[in-house]
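Hi everyone, thanks for making time. I'd like to walk you through a structure that's probably new to most of you, so let's get it up on the screen.

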Amino acid sequence: MPAASPNEKTIVIVGLGKIGSLYAGCYGQAGHRIVTVDIGNGADWDRVARVPNPSGIDAWVVATPTATHLSVVEEILRQQPDARVLLEKPACYPDELAGLGRTVRRFPRARIIVNDVYSHSEAVRRFAASVRQLGEFDPIRKITVEFTKNRERDVANGRFVDTQYGEAGYEGFHMLSILRSILPADQYRRYLRTIPSAVTAEMRVRTSVAGLPDVELYTSSNGAIAFPELAGFAFPEAVSKDFITPTVIPYGSEFRYRFADVELQSGQHVTLVFEPFYGTEPDHKNIHAVHIRNTAPARHFLVAVNHFKEALLIQLNLLRHLGEGTSVVRPAEHRFLAALGSAMFTGTFPQTTENEKFARIGSET
């Protein structure tokens, strides 16, 4: 493998499906040298072990199916024990988290980050800053996050269906990233340790406990909108008429209803709305808005950013500067979402000793 120039990094993308191709495009456009590994997609190599000169690789991206993540990470670390790895979410399946921990300990020079787009999004940062500024004198009463899309056509066309995390495997990690950006660290850890007061099959998760704001997370992959009143105001009239007022996104539509709303004790709302110019702006996917409402005067500002590309570049830079042996995997979040997935599949939340186990997961970092 020829040496990379001083102005570029050599990045190996393992897995060339939809997500892996997005990684390759982003890093390639940023001027980095891309090497690809995939069994059947015309990649440069068909296995990690065939990639030459692993010591010359600056970063690896693992974008293969979740079931293969742990084995691919282990293969990478056998080739390059001090590798820098950006791992697509989920890091692995719930019953493999202990194995991933053992792998990290077995290769103490490795650096691993699980991709966390929304925690590096400028739109989320601006939203969280507004919440913190107002919340200093006006405490948070309730947080509502909804990520709804109709994925039925995707499933019909063979897109991956998460059989272990369930609905939580699609959007749960993103919603937790936003919640993590709003809550103080001690409150967020407590949230992860708290058994929700209600969990429904389409993943409506309600948590109400003394000492924390009320929190409601909702996601639906069949297009059923739960909270049209909290963000519907931000969309063009035609979009509201076609999707939000009927509270359903039809089969085949690319419209996504995604927002985070914070209600303060005074009645003010701070609302982050993703992609509010759907149908009116060609680049609508990269324009987001923050609204501060029920106050005089109301305030609104736009954030124009491709937060996927932004996050990938930021995390590549983080990998460059992480000390050896540093990993950001967030097993507590994985186990929290796995417990929600279990509750949605079975219709009941874990009881007795399983509840105690669930309540302890937030102690992990």
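I'll start with one helix, move to its neighbour, and then go round some rings, loops and single residues. Before that, please keep in mind that this is a predicted model.

Okay, helix 1. This is the stretch from residue 18 to 29, so 12 residues, and at 1.5 Å a residue it should span 16 Å. The C-alpha atoms at its two ends are 17 Å apart, which agrees with that.

Now, which residues of helix 1 are buried? They are Gly-20, Tyr-23, Ala-24, Cys-26 and Tyr-27. If you look down the axis of helix 1, those buried residues fall within an arc of 165°, so they line one face of the helix. Here's the general background: an α-helix has 3.6 residues a turn, so residues three or four places apart point the same way. And on the face turned away from the buried side of helix 1, you find Lys-18 and Gln-29, which are exposed.

What do the buried residues of helix 1 pack against? Four strands and a helix, as it happens: strand 1 (10-14), strand 2 (33-37), strand 3 (59-62), strand 4 (84-87) and helix 10 (307-321). One small detail before we move on: Gly-31, just after helix 1, has a positive phi of about 95°.

Let's stay with helix 10 for a moment. Its axis is 10 Å from the axis of helix 1, and the two pack at an angle of about 70°. An angle from 65 to 115 degrees counts as roughly perpendicular, and helix 1 and helix 10 are therefore roughly perpendicular to each other. On the helix 1 side, the contact is made by Leu-22, Tyr-23, Cys-26, Tyr-27 and Gln-29. On the helix 10 side, it's Phe-308, Lys-309, Leu-312, Leu-313 and Leu-316.

Also in helix 10 is His-307. Buried or exposed? His-307 comes out at 9% relative accessibility, so it counts as buried. Setting aside neighbours within four places in sequence, His-307 is in contact with Val-117, Tyr-118, Ser-121, Phe-274 and His-288.

Helix 3 (97-106) can be looked at in a similar way. Its buried residues include Leu-97, Gly-99, Leu-100 and Thr-103. These cover an arc of only 155° around the axis, which puts them on the same side of helix 3.

On to the rings. There are 15 aromatic pairs in the structure. Take Tyr-165 and Phe-173: their ring centres are 5.9 Å apart and their planes are at 65°, so this pair is edge-to-face. Tyr-165 counts as buried, at 0% relative accessibility, and Phe-173 is buried too, at 7%. There's also an aromatic cluster, formed by Phe-235, Phe-243, Phe-255, Tyr-257, Phe-259 and Tyr-278.

One member of that cluster, Tyr-257, is also in contact with Gly-232. Leaving out neighbours within four places in sequence, Gly-232 touches Ser-240 and Ile-244 as well. Gly-232 sits in the loop between helix 8 (228-231) and helix 9 (237-244), and it's buried, with a relative accessible area of 10%. From Gly-232 to Phe-243 is 11 residues along the chain, and their C-alpha atoms are separated by 9.4 Å.

Next, some backbone details in the loops. Where is the cis peptide bond I'd like you to look at? It runs from Lys-89 to Pro-90, with omega near -15°. Pro-90 is in the loop between strand 4 and helix 3.

Then we have two positive phi values in residues that aren't glycine. Asn-53 has a phi of about 50°, and its place is in the loop between strand 2 and strand 3. Glu-275 has a phi near 55°, and you'll find it in the loop between strand 11 (269-274) and strand 12 (287-293). As for accessibility, Asn-53 is partly exposed, with a relative accessible area of 37%, whereas Glu-275 counts as buried at 6%.

Last stop: Glu-333, in helix 11 (residues 331-346). At 5% relative accessibility, Glu-333 is another residue that counts as buried. Which residues is it in contact with, leaving aside neighbours within four places in sequence? Those are Leu-176, Arg-180, Tyr-188 and Leu-192.

That's the tour, thanks for listening.

Definitions and conventions
Residues numbered from 1 in each chain as written. Predicted model: local features only at pLDDT ≥ 70, side-chain atom pairs only at ≥ 80, totals over all residues. Heavy atoms only, no water. Buried < 20%, exposed > 50% of the residue type's maximum accessible area, 1.4 Å probe, protein only. Contact = heavy atoms within 4.5 Å. Expected span 1.5 Å × (residues − 1). Arc of directions from axis to C-beta. Phe/Tyr/Trp six-rings, centres within 6.5 Å; stacked < 30°, edge-to-face > 60°. Axes fitted to C-alpha atoms, helices over the stretch in contact; angles between N-to-C directions. Parallel < 35°, antiparallel > 145°, perpendicular 65-115°, else oblique.
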